[in-house]
Amino acid sequence: MDLGNPKNTIEVIQKYNFAFQKKFGQNFLIDSNILDNIAACAGVTKEDCVLEIGPGAGSMTKYLCDAAHHVLSIELDERLIPLLTAFLAERDNFTLVQGDVMTLNLADVTKNLRKPLSVVANIPYYITTPLLTMLLASPIPIQRMALMVQKEVAQRIAAKPGTPDYSAFTVFCQYYAEPELLFDVPASCFIPQPKVTSSVIRLDCRVSPPVEVKSEAMFMRVVKAAFAQRRKTLLNALSAGFGEMSKETVEKCLTDSGFDPKVRGEVLSIGEFAKIADAFFTVLD
Ligand code: SAH
């Protein structure tokens with residue numbers, strides 16, 4: 001049965017007497033074209049193992065099982081387990097884990113899967129930022145993610161320097177992966193319909209960072225400080241974030257590295273942030 005057909009999804013939901021829970025971010029995809037498209041854009045082949053987060057009723061899981069060597073899905077809502085188990089009973093390349101993706105030991109859960117993994121998911125939107133932060137910095141080898149997220153979040157992840165969407169989260173994501181905005185998905189493709197437009201984004205995880213830094217922690221700290229007060233000049237924002245450095249030292253670091261202290265942090269590229277972070281690291285070391 002294809003859950004990309006709204007009639008079928010409604011039938012399954014009624015059969016199992018399932019009531020959607022807002023707190024779990026439950027918006028099920030019911031458009032077979034979109035489901036097919038996400039699976040195709042994820043570039044999953046029979047060589048790949050897929051980690052799916054929040055399978056819901058399993059509409060996308062079915063497509064992923066067709067494409068992948070093995071699919072492991074993590075679902076928090078216990079009420080969906082019997083439904084998923086019945087729906088995917090005939091699949092011999094599917095494992096279901098009940099639990100919270102944010103607290104499970106992912107290294108342990110995925111220990112039998114061939115690496116690097118692909119992550120494909122229509123994720124619950126309420127955990128987008130912590131989930132992406134966790135997955136991108138995770139020691140588990142992930143080659144690619146294809147994710148449905150809120151459109152605004154997708155735009156923030158893929159933003160270019162100097163644009164309003166460019167943020168500390170953008171730099172964090174692009175330090176670990178190369179994002180590509182794929183396509184928008186209107187609210188009408190889900191039940192129940194979310195209040196926002198969604199977008200599918202692909203993140204190709206980098207094998208090594210795009211720039212070498214002396215300290216990743218210092219790099220992240222500089223980026224956070226630069227964006228914490230984004231209307232301020234770089235000099236003022238970084239001075240506010242680095243109380244242990246005098247304003248004169250911050251200014252010297254910036255000018256010595258070739259930056260105008262009066263520019264705003266929001267125009268800097270990852271490479272430029274890296275240069276400043278290295279200068280700060282040398283001074284503070
Ligand atoms: N992928 C499905 C469902 C998307 S809705 C589809 O496209 O139709 C999001 C799903 O994530 C729901 O099934 C919800 O129960 C599940 N979920 C919510 N929080 C979760 C968490 N912390 N860990 C794992 N799954 C979660």
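Start with the sheet. Seven strands make up an open sheet, ordered S4-S3-S2-S5-S6-S9-S7, with mixed pairing. Keep in mind that this is a predicted model.

**The edges of the sheet**

Select residues 94-98, strand S4, and then residues 177-185, strand S7. These two strands stand at the edges. Each has a single partner strand, so one side of each is left without a neighbour in the sheet. Now look at how the strands are turned. Direction ignored, neighbouring strands of this sheet are turned by 20° against each other on average.

**S7 and its partner**

Stay with S7 and add residues 198-205, strand S9. The two strands run antiparallel, and eight bridges join them. Pick out one pair: Val 185 has Ser 198 in S9 as its bridge partner.

**Two helices on the sheet**

Next, select residues 32-41. This is helix H2, which packs on the sheet. Which strands does H2 touch? Show S5 (117-122) and S6 (142-150), along with S7 and S9: H2 touches each of these. The direction of H2 makes about 165° with that of S7.

Move to residues 128-136, helix H6. H6 lies across S2 (49-53), S5, S6, S7 and S9. Against S6, helix H6 runs at about 175°.

**A stop at Tyr 63**

Select residues 59-67 for helix H3, and find Tyr 63 within it. Is Tyr 63 buried or exposed? Its relative accessibility is 13%, so Tyr 63 counts as buried; the cut-off for buried is under 20%.

What is Tyr 63 in contact with, leaving aside its neighbours within four places in sequence? Display Asp 2, Ser 32, Leu 35, Asp 36 and Ala 39: Tyr 63 is in contact with each of them. Then show Gly 4. Gly 4 and Tyr 63 are 59 residues apart along the chain, and their C-alpha atoms are separated by 10.0 Å.

**Zoom out**

Show the whole protein. The protein has twelve helices and nine strands. Its C-alpha trace spans about 70 × 40 × 30 Å along the principal axes. There are 285 residues, and 50% of them count as buried.

Turn on contacts. Among those with a separation of 6 or more, 68% are between residues 24 or more positions apart.

Switch to a surface view. The accessible surface comes to about 13,200 Å², and carbon and sulfur atoms account for 51% of that.

Finish with the charges. The protein has 29 positive and 32 negative charges, and the mean positions of the two sets are 4 Å apart.

Methods
Residues numbered from 1 in each chain as written. Predicted model: local features only at pLDDT ≥ 70, side-chain atom pairs only at ≥ 80, totals over all residues. Heavy atoms only, no water. Helix = DSSP H or I, 4+ residues; strand = E, 2+ residues; numbered from the N terminus. Buried < 20%, exposed > 50% of the residue type's maximum accessible area, 1.4 Å probe, protein only. Contact = heavy atoms within 4.5 Å. Areas by Shrake-Rupley, 256 points an atom, 1.4 Å probe, with all protein chains shown as cover. Lys, Arg positive; Asp, Glu negative; His and termini not counted. Charge placed at Lys NZ, Arg CZ, Asp CG, Glu CD. Pairing = 2+ DSSP bridges. Axes fitted to C-alpha atoms, helices over the stretch in contact; angles between N-to-C directions.
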